[in-house]
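Work through the exercises below with the sequence and the coordinates open. Each task is followed by a solution in steps.

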Amino acid sequence: MKKGLLKLVAFSVLVVTLASCAKAPQVEIDAANAAIEAAKTAGADRYVPESFNAASEALKSAVTAVEEQNSKFALFRNYDAAKTTLASVNTLASKAVEETTAKKAALKAEVTQALADIAATITANKELLTKAPKGKEGKAAVEAIGQEIAAVETISTEVTAGLTNNEDILTLSGKIKPAVEKAKAINTELTDVIAKAKGGKKK
Amino acid sequence: MKLGWKKRLFVVIGILFSVFVIVYMVLILTMDKPPLKEFKVCQTILGKAKRANADVYAPEYYTAAERKYQSALFEWKIQNEKVFFLRNYSRTKELILTATLKAEESNASSGVNKNSLKMKYLQEIELLKHKLDNYHDIFIHLPLKVSLRKNYEFGKLSLEQGLNAFSSGDIMLATKRLNEGKIRISIADKEVNELLKEYFNNFSRWQGWASATIRLSAQNNCYAFVVDKIKHKGYLYNKGKLNKEYDVEFGRNWIGDKHYAGDKATPEGMYKVIKKMGNGGSKYYKAMLINYPNDEDYASFNSKKRQGVLSKNSRIGGLIEIHGEGGKGADWTSGCIALSNSEIDELFSRAPVGMPVTIVGSLMSLSELLN
C-alpha cells in the first residue's frame, strides 16, 4: 500500500514536470511569417513602409523572444510574451495591408481625377494653340508647344492604359503628376501670350 | 548498529540523487548565456538602417547585415537544440556582433550615399536645365524630324518626373528618371550636334566675312547688314557700330549654303544690295535685291556640277531678296530673308543701294552657342 502510494507520487511528479515544459509557439510563428509575406505581396513595403517596418521589426523581436525562452532550462520556459508579440505582428501586418489598400484606392482616385483634369487641359490647350499669335518666334514656338502637348497626351494615354491594366498605381501616379503640371504650365503660357497679343492690338 | 541492505541502498540512491541534483544545478547556473542584449541592439540598428532606406542606398552593406543577423539567429537555434550544458553561444555572439557592425556601416553609408546621389543629381539637373534653356532658341528653329522633337519633349517630361520624385525624397527614382530623360534628350542632342558640327566647319570663314563687313562699314562711314542664321537675327551696322537688330526668317532648309535653284536654302557669303523695290515693286511688300549669285557662288556651283555633286540640269538660282511679310515665326521663304513689314520699312529707309549684306551661319562659335 505504502509502496504503491510512493510510485503514484513519483509518477505524478514526472507527469507534472513533463507537462510543465512549455512548447515553442511554432504555429504562431508560421502565422506571423505568413502575415508579413501577405503584407509584402500586397505592396505594403512600398506603399506604407513605416507600418510594414513596424510589423517586420515586431516579428524579429518575437522570434528573439522565442529563442530566449528556448535557451532556458525546459522547466523555466514561458512563451507568453513571445505569443503576445507574435499576435501583435499579425495585427500590425493586417493594418499595413488595410493601409496599403486604402492608399492604393486614394492614389487611384487621384490618378483618375488627374486624367480627367489633364484631358480637359489638353483640349483647352489645343484650342488656345489655334489662337496663339504666330508672329516673331510664333510659328516655331507654336510647333514646339504642339510637340509638348503631344508628349503630355502620350503620357496621359499610357497612364490610362496602365490604369485599365491594373499596373502599379504608385508608378502611374509618379508619371501623371508632372504631366498635369506641364499641361497647366502650357495653358498658362498660352493664355499669357494670347492676353499679351490682345493687349498689344488694343494699343 | 547495522543498517539493512534496503536502507543502505536508499541512502546510496539518496546521495547519488543529491549529487546529481547539485551537479545539475551547477551546470544550469554555469551554462552559457545567449547574446540576447546584442540581438536587441542589432535589431534596433537594423530598424534604423531600414528606415533610412539603407536597403536602397547602401544595399550591399544592408544585405550583408541582414544575412549575418539571420546566420546568428540560425546558430542560436542550433545551440538551443543541444543539451543545455553542451550549448556554446560564442559563434552566435561573433555573428551578431558582425551583423551589428554591418548594420552600422549600412546606416552610415546610406546617409553618405544618399547625400552624394542628391548632390550628383542636383549638379546634373542644373547642367541639363542650363543646357536646355540655352538650347531652346536654337532648337525650335532647327529643321528636325517630328519624331526627334517628340522624343526631346518626352525627355524633358522625364526630367520633370524626376524632379517630382526628388521633391518627395525618392532620390533613386529621381536619378532613374533623370537618366531616362538624359537618354531621350541625348538622341536629339546627338543629331543636333552632328548637324551643327558639320555646319560650323565654315565658322572661321563666317568670322572673316563678318569682320570684313563691319570694317568696311567703319572705313566707308556706311551702313552694313550682317545676318546670323542660327540666331535668326539681322544686325544693321552704321560706321562700324551696331545700330539695330532685326528678327529674320529664311528658307526651310536654311542650315547650309544655297547650292541650286529651288533648294529652299538661303545663301551664305558677302553680298550687297543691288536694287531696292518699294511697295508694289515686289511680291513681298518692300524688298532689296542682293547680288546672289556672285563670282564665288558661280565658281562653287560650276565646280560642284563638274564633280557630279549637282546634276547637269540644275540651275544656280537667283532673286534673293531681303523683303517684308515676315514675322511668321517660321522659315518659309524660298531662300530670301524676310522681316516683318514694320521692320522692313525701317531697314528700307536706312539701307542704300550698294549696302554690304553678309550672311553667315553664326557669329558665335558652336561651343559658345551650346554652353
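## Exercises on a predicted two-chain model

In chain B, 66% of the contacts with a separation of 6 or more are between residues 24 or more positions apart. The model is a predicted one.

**Exercise 1. Describe the make-up of chain B and of chain A.**

Step 1. Count the elements. Chain B has 11 helices and eight strands, while chain A has seven helices and zero strands. Read from the N terminus, chain A goes α-α-α-α-α-α-α.

Step 2. Take the burial. In chain B, 36% of the 371 residues are buried. In chain A, 31% of the 203 residues count as buried.

Step 3. Take the contact separation. For chain A, residues 24 or more positions apart supply 79% of the contacts with a separation of 6 or more; for chain B the share is 66%.

**Exercise 2. Classify the packing of α2(A) on α5(A) as roughly parallel or roughly antiparallel, and list the residues involved.**

Step 1. Recall the description to be used. Two packed helices are described by the angle between their axes and the distance between the axes.

Step 2. Apply it. Helix α2 of chain A covers residues 26–42 and helix α5 of chain A covers residues 80–131; their axes come within 9 Å and cross at roughly 15°.

Step 3. Classify. Angles under 35 degrees count as roughly parallel, and α2(A) and α5(A) are therefore roughly parallel to each other. Their crossing is left-handed.

Step 4. List the contact residues. From α2(A) come A:Glu28, A:Ile29, A:Ala31, A:Ala32, A:Ala35, A:Ile36, A:Ala38, A:Ala39 and A:Ala42, and from α5(A) come A:Lys83, A:Leu86, A:Val89, A:Asn90, A:Ala93, A:Ser94, A:Ala96, A:Val97 and A:Thr100. Sorted by class, the residues of this contact are 13 nonpolar, three polar and two charged.

**Exercise 3. Do the same for α2(B) and α4(B).**

Step 1. Find the geometry. The axes of α2(B) and α4(B) are 11 Å apart, and the packing angle is about 150°.

Step 2. Classify. Angles over 145 degrees count as roughly antiparallel, which makes α2(B) roughly antiparallel to α4(B). The crossing of α2(B) and α4(B) is left-handed.

Step 3. List the residues. B:Cys42, B:Leu46 and B:Ala49 of α2(B) meet B:Tyr62, B:Ala65 and B:Tyr69 of α4(B). By class, this contact has six nonpolar, no polar and no charged residues.

**Exercise 4. Describe the side of chain B that touches chain A.**

Step 1. Size the contact by residues. Chain B gives 30 residues and chain A gives 33 residues.

Step 2. Assign the chain B side to elements. Those giving two or more residues are α2 (36–51), α4 (59–80) and α6 (146–167) of chain B. The most come from α6(B), with nine residues.

Step 3. Sort by class. This side of chain B has 13 nonpolar, eight polar and nine charged residues.

**Exercise 5. Check the length of helix α9 of chain B and inspect the backbone on either side.**

Step 1. Compare the spans. Helix α9 of chain B runs over residues 295–307, and its 13 residues should span 18 Å at 1.5 Å a residue; the end C-alpha atoms are 18 Å apart, which agrees.

Step 2. Look at the loop between β5 (287–290) and α9 of chain B, where B:Pro293 lies. B:Tyr292 and B:Pro293 are joined by a cis peptide bond, with omega about 0°.

Step 3. Look just after α9(B). There B:Gly308 has a positive phi of about 85°.

**Exercise 6. Locate B:Asn53, B:Asn221 and B:Ile214, and assign a burial class to each.**

Step 1. B:Asn53 is in the loop between α2 and α3 (54–57) of chain B. Though not a glycine, B:Asn53 has a positive phi of about 60°. B:Asn53 has 20 other C-beta atoms within 10 Å and is therefore buried.

Step 2. B:Asn221 is in the loop between α8 and β1 (223–228) of chain B. Phi of B:Asn221 is also positive, near 50°. B:Asn221 counts as exposed because it has 9 C-beta neighbours inside 10 Å.

Step 3. B:Ile214 is in helix α8 (residues 203–219) of chain B. With 19 other C-beta atoms within 10 Å, B:Ile214 is partly exposed. Beyond its neighbours within four places in sequence, B:Ile214 is in contact with B:Ala224, B:Tyr237 and B:Gly240. The C-alpha atoms of B:Ile214 and B:Lys241 are separated by 7.6 Å, and the two residues are 27 residues apart along the chain.

Note on methods:
Residues numbered from 1 in each chain as written. Chains lettered and ligands numbered in written order. Predicted model: local features only at pLDDT ≥ 70, side-chain atom pairs only at ≥ 80, totals over all residues. Axes fitted to C-alpha atoms, helices over the stretch in contact; angles between N-to-C directions. Helix = DSSP H or I, 4+ residues; strand = E, 2+ residues; numbered from the N terminus. Parallel < 35°, antiparallel > 145°, perpendicular 65-115°, else oblique. Left-handed = near helix turned anticlockwise from the far one by under 90°. Contact = placed C-beta atoms within 7 Å. Nonpolar A, V, L, I, M, F, W, Y, C, P; charged D, E, K, R; others polar. Buried ≥ 20, exposed ≤ 12 C-beta atoms within 10 Å, placed from the backbone. Expected span 1.5 Å × (residues − 1).
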